[in-house]
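Grab a pencil and work through a few short exercises. Each one sets a task and then walks you through a solution.

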Amino acid sequence: MKKLNVGLVGAGFMGKAHSIGYSDMPKYFWPAPAVPVLKTICDIVPEIAADAKERFGFEKCCTDWRDIVNDPEIDVVSICTPNNVHAEIAIAALNAGKHVLCEKPMAASLEECDAVLAAAKESGKLVSSIAQNRFRTPIANLKAVLDSGLA
C-alpha cells in the first residue's frame, strides 16, 4: 500500500486534531487509498514541537516550517498555523512539489488565494482547504444565492 509522508506545521489545537485525523484515517477508509506516515511536526515553540512528536508519534520535530517544505521525504504538508501565514507556507510547499492540506482560511485575501491556486496549477500538486461546513444548509443556501447572481 502506498505511503504518504506527512509534515505538519503548527502543533496547537488544530495541529493535534490533524495528527489524530491522519492516524485514524485508515480506520475510516478501508482499504485506505494510502497510509499517512507522521514524519515531521513543526511548532515555533520547541517544547510544544517535542511534546507533539512524542504524543502523536511523529518521527521527528522542528521549529522552522521550511525544514518540512525542503525535506525531500515529505509528500504532504498540513498547515495548522495562524491564518496570516497560510498562503506563504502553502505556496512554498507547492513550489517544493508537495501536496497541501490547509486549515481555513486558505489565505487572508483573494489575491493570496489566487497565488496559492496558481502555485498548485504550476506544480501539478493538490491543494485543499478545510471546509467541513460546506454542505450545511445555511452555507448551501448562501452558495445558491451567490450562484444565482442575486448577491
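Two strands pair if DSSP finds at least two bridges between them, and strands here are DSSP runs of E with at least two residues, while helices are H or I runs of at least four, both numbered from the N terminus. You're looking at a predicted model, where local features need pLDDT of at least 70, side-chain atom pairs count only at pLDDT 80 or more, and totals for chains, interfaces and linings use all residues. Residues are numbered from 1 along each chain as its sequence is written, and side-chain values use heavy atoms, with hydrogens and water left out.

**Exercise 1.** Find the strands that pair with β1 and name a bridge partner in each.

*Solution.*
- Step one: go to β4 (residues 76-79), which runs parallel to β1 and is joined to β1 by four bridges. Gly7 has Val77 as its bridge partner there.
- Step two: turn to β2 (residues 35-42), also parallel to β1, with seven bridges between them. Here Val9 sits opposite Cys42.
- Step three: trace the chain from β1 through helix α1 (residues 13-28) to β2, and you get a right-handed β-α-β crossover (with the strands pointing away from the viewer, the path from the first strand over the helix to the second runs clockwise).

**Exercise 2.** Decide whether β1 is enclosed or open.

*Solution.*
- Step one: set the cut-offs. Buried is under 20% relative accessible area, exposed is over 50%, and partly exposed is in between (1.4 Å probe, protein chains only).
- Step two: count. Five of the seven residues of β1 (residues 3-9) are buried, so the strand is largely enclosed by the rest of the structure.

**Exercise 3.** Describe the largest nonpolar core.

*Solution.*
- Step one: know the rule. A nonpolar core is a set of buried Ala, Val, Leu, Ile, Met, Phe, Trp, Tyr and Cys residues joined through side-chain atoms within 4.5 Å.
- Step two: the largest one has 22 residues, and Val9, Ile68, Val77, Ile79 and Val100 have the most contacts inside it.
- Step three: α4 gives the largest share, five residues.

**Exercise 4.** Compare the settings of two salt bridges, Lys27 with Asp24 and Asp71 with Lys60.

*Solution.*
- Step one: a salt bridge needs a side-chain nitrogen of Lys or Arg within 4 Å of a carboxyl oxygen of Asp or Glu.
- Step two: Lys27 and Asp24 have their closest N and O atoms 3.1 Å apart, and both lie in α1, three residues apart. Lys27 counts as exposed because its relative accessibility is 66%.
- Step three: Asp71 and Lys60 meet at 3.4 Å, N to O. This pair links distant parts of the chain, with Asp71 in the loop between α3 and β4 and Lys60 in β3 (residues 60-62). Asp71 is at 10%, so it counts as buried.
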